[in-house]
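Open the model in a viewer and keep the selection panel at hand. The stops below are meant to be taken in order.

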There are 4 protein chains.
Amino acid sequence: MPKNVETTVKDEKLIKQRRAELIKAAVKLFTEKGFHRTTTREIAREAGFSIGTLYEYIRTKEDVLYLVCDDIYNKVSDRLRATIALKGDGVECLKAAVAGCVKVMDDMQDEVLVMYQEAKSLSKESLPYVLNKELEMVKLLEDVLDHCIRLGALHLTEKEKEFYAHHILVLCQMWAFRRWSLAKTFTVHEYTAYLIDAILYGISVRKAPSIDQKS
Amino acid sequence: MPKNVETTVKDEKLIKQRRAELIKAAVKLFTEKGFHRTTTREIAREAGFSIGTLYEYIRTKEDVLYLVCDDIYNKVSDRLRATIALKGDGVECLKAAVAGCVKVMDDMQDEVLVMYQEAKSLSKESLPYVLNKELEMVKLLEDVLDHCIRLGALHLTEKEKEFYAHHILVLCQMWAFRRWSLAKTFTVHEYTAYLIDAILYGISVRKAPSIDQKS
Amino acid sequence: MPKNVETTVKDEKLIKQRRAELIKAAVKLFTEKGFHRTTTREIAREAGFSIGTLYEYIRTKEDVLYLVCDDIYNKVSDRLRATIALKGDGVECLKAAVAGCVKVMDDMQDEVLVMYQEAKSLSKESLPYVLNKELEMVKLLEDVLDHCIRLGALHLTEKEKEFYAHHILVLCQMWAFRRWSLAKTFTVHEYTAYLIDAILYGISVRKAPSIDQKS
Amino acid sequence: MPKNVETTVKDEKLIKQRRAELIKAAVKLFTEKGFHRTTTREIAREAGFSIGTLYEYIRTKEDVLYLVCDDIYNKVSDRLRATIALKGDGVECLKAAVAGCVKVMDDMQDEVLVMYQEAKSLSKESLPYVLNKELEMVKLLEDVLDHCIRLGALHLTEKEKEFYAHHILVLCQMWAFRRWSLAKTFTVHEYTAYLIDAILYGISVRKAPSIDQKS
DNA sequence: CATGAATGAGGCTTCATTCAT
DNA sequence: TATGAATGAAGCCTCATTCAT
């Protein structure tokens, strides 16, 4: 399923190493100027090898984008999986997940932005693979919700579960996308606290005990 | 503040008309292939005039992007303003706003996507202007919240208000950004209903009366 | 049938003129260094316009080769048609045709060499069209033979006619291909005289009346 | 006279063996895609060794072409020499030579085509050597003609002899060059028969006894 | 005002050749 | 000797922009 970017080089270990260098360079440049404004030469130079060498490890410029997106998704997913960890009783588990997810978005802001802004430039063949990765992340949050449901802490239908998985993921990503504005008012921790509250109890519950909730 | 895209042509009426044609053509093409993959020639052809004429109404390709983003922001803002309208008592007003906002995102999905995906290609000079437009939209939602607060339907601090304005806007945009996945499970109306619930009451309140909320 | 090389330019007259310039430049360069060793930039410079302009009149480097081959074939065919003219009684007509054909090969040696040496670099799509042109030239010679046959000067079966048409054409081309060697010993006129004799009467008839011819 | 292609390797036997492999691979590839479209890497891979090893046995890509042309010329010459063999009385000897020559062209069509189409890509230094090989082949046919002359079967001046040697060689090559068209109508044997007739007696003698031949 | 031919900088990619292992 | 990773010059082509008509 994962597209296999062809190489001229055979040494697997070398491929891994060079690719890591290449991806690091590309992420840096894409962050600064975007995929289209970055030239292959710049990527090669930043990665520390010649243009010829770059093309020993990829076949097209688009391959670089694919490798970058693939790598970031994997890293984000891995970190998410590690942070979420289904620990804590009841709703605590969800809170931890949200906090972890925001932290990942905070730590990897540059990468996350690159991924979401440039993935659209992938070819028709690669795009589905990447979109699927996005759904895998949604799935991770569904697992958290499932856990809470099994603990009896939440009561959700299947549809609600899907809805909330997207909902929570988007709200966490929001920190990455809107930090330029939000960071003027909130620290990550404040943001996280507000977000947990908003997700769990909604806006109306803010100190309004007498209001007729969802009558 | 709004950058003035220079023209060779003087006739104001003509400028308006040609720009409208130009923007329409550009939005169509940007939707299909993105800003960078679209050539100025294509824009001219799609708009129905020659490349020479195109350059009578803009100075650089980036001007087209600026005009497009500006135009879409204005349209989205206008529609939002019209839909929101601060009508309804108490929390109804907020519900109407959310519903209206989602509808706008649904109606203008293509435009919204173009705007958010390509705005990053604007120059350092134009970007702030566009980001500011984004904040104006946030402000619109803050106004709604203010209204609810004044009606006594909500109780929010200034910070909470800012947070929720972003929060709500992002969740509405989510429909535009994730329709490729969400639409498999939800209709716009379902999505809207779930969203209103989620915003107002959060996830934990879903039929779980006995749970000790935020003790 | 003739492939239509696409242009960006619309003015038909201009296309004709520029193409003529382009072809002239290309023939000169291809003659000197061959198709593969000639760069598009060199063609543009030699033709007197910029690389950008060159690409307004063609889409690929191969288009240049196609235009060149097409043009040369047309010129050679036209000259052949003009020279042959089915004039003269009996076998005189054939002699005139051979003489004319050799003259064409002599006058257009460079072009003929380019055409036969580079045509193989045409794409699978264009090649058949060019090969067909070759067959048209064979056809011209078949017409001459037909004429002689109708005059009663020659007696050939259909197969013989086809054979001799190729046979004569190849022998005329021989002057173009082997002038580097033949010209050391023969002038064109000598060559023509020898060739006519060889074609008409063969080698054995050279002053050998007593030999038992093909008994 | 024969250019000495330099090697890093000393072992003569190894050189011979590797070169044979290399030439075989190159002929195959040149036949398929021509010299310029074939890469050195492809040659190495097809020959069964690495690019590094290839360059132990040649110094430039052009060396490969030189080796190929040289090898083919030698093989063709050898086969020609073997087939011709100056056997047969009188004109039979010539007939046998023509038949043999056509057979060689038929058997080695691919090689012959490669040789004549790519030799022009040789450098100014190598070209004369290869052209000289061509003249050696002409010489072989001159020898045949000489033999016939000595037998009294033909009467030719020196100039006529040179002319006919080229003439016959070209007509035999014609089978290789035009088989794409001729083979639709003729088998090799038919072609050979027609050709022998044409060379010996010319076109006019075809059943036209009363015509005043070159009076 | 409108047109579209002309321009050329610059991007992506290939590939012959080298050289350290 | 054999290998194959590294190199970078050089090729093809695109496209934003200009300007004469």
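**Stop 1: DNA strand E**

Select DNA strand E and the protein residues around it: there are 43 of them, and A:Tyr55, B:Asp11, C:Arg18, C:Thr53 and C:Tyr57 come nearest. Of the strand E atoms that come within 4 Å of the protein, 61% belong to sugar and phosphate. This is a predicted model.

Next, display the polar contacts to the phosphates of this strand. Start with C:Arg18, where a polar side-chain atom lies 2.2 Å from a phosphate oxygen of DNA strand E. Then move to A:Thr40, which places a polar backbone atom 2.9 Å from a phosphate oxygen of the strand. At C:Ser50 a polar backbone atom is again involved, at 3.3 Å from a phosphate oxygen of DNA strand E.

Now color by secondary structure. The elements giving two or more residues to the surface near DNA strand E are, in chain A, helix 2 (40-47) and helix 3 (51-57); in chain B, helix 1 (12-37) and helix 3 (51-57); in chain C, helix 1 (12-37) and helix 3 (51-57); and in chain D, helix 2 (40-47) and helix 3 (51-57). Colored by class instead, this surface shows 14 nonpolar, 15 polar and 14 charged residues.

**Stop 2: DNA strand F**

Switch the selection to DNA strand F. Which residues are the closest to it? They are A:Arg18, A:Thr53, A:Tyr57, C:Tyr55 and D:Lys10, among 43 residues that surround the strand. Sugar and phosphate make up 62% of the DNA strand F atoms that come within 4 Å of the protein.

Zoom in on the bases here. The side chain of A:Arg41 has an N or O atom 2.9 Å from a base nitrogen of DNA strand F. In chain B, a polar side-chain atom of B:Arg41 lies 3.3 Å from a base nitrogen of the strand. For a phosphate contact, pick B:Thr40: one of its backbone N or O atoms lies 2.7 Å from a phosphate oxygen of DNA strand F.

The surface near DNA strand F draws at least two residues from each of these elements: helix 1 (12-37) and helix 3 of chain A, helix 2 (40-47) and helix 3 of chain B, helix 2 (40-47) and helix 3 of chain C, and helix 1 (12-37) and helix 3 of chain D. By class, its residues divide into 14 nonpolar, 15 polar and 14 charged.

**Stop 3: chain C against chain D**

Hide the DNA and select the contact between these two chains, to which chain C gives 55 residues and chain D gives 56 residues. About 5300 Å² is buried between chain C and chain D, with 61% of it on carbon and sulfur atoms. Highlight C:Phe163, C:Arg178 and C:Ile203, which supply 14% of the area that chain C buries against chain D, more than any other three residues.

How many salt bridges cross this interface? There are four between chain C and chain D. One to display joins the side chains of C:Glu190 and D:Lys159, at 2.4 Å from N to O. Polar contacts between the two chains come to 17 residue pairs.

On the side of chain C that touches chain D, two or more residues come from each of helix 1, helix 6 (109-118), helix 7 (127-150), helix 8 (158-182) and helix 9 (188-201) of chain C. Helix 8 of chain C gives the largest share, 16 residues. This side of chain C has 29 nonpolar, 13 polar and 13 charged residues.

**Stop 4: D:Tyr164**

Finish on D:Tyr164, in helix 8 (residues 158-182) of chain D. D:Tyr164 counts as buried because its relative accessible area is 1%, under the 20% cut-off. Its C-alpha is 16 Å from that of D:Arg150, a residue 14 positions away in sequence.

Definitions and conventions:
Residues numbered from 1 in each chain as written. Chains lettered and ligands numbered in written order. Predicted model: local features only at pLDDT ≥ 70, side-chain atom pairs only at ≥ 80, totals over all residues. Heavy atoms only, no water. Near = heavy atom within 4 Å. Polar contact = N/O pair within 3.5 Å; in protein donor to acceptor, adjacent residues only side chain to side chain. Helix = DSSP H or I, 4+ residues; strand = E, 2+ residues; numbered from the N terminus. Nonpolar A, V, L, I, M, F, W, Y, C, P; charged D, E, K, R; others polar. Contact = heavy atoms within 4.5 Å. Buried area = accessible area lost by both parts, 1.4 Å probe. Buried < 20%, exposed > 50% of the residue type's maximum accessible area, 1.4 Å probe, protein only.
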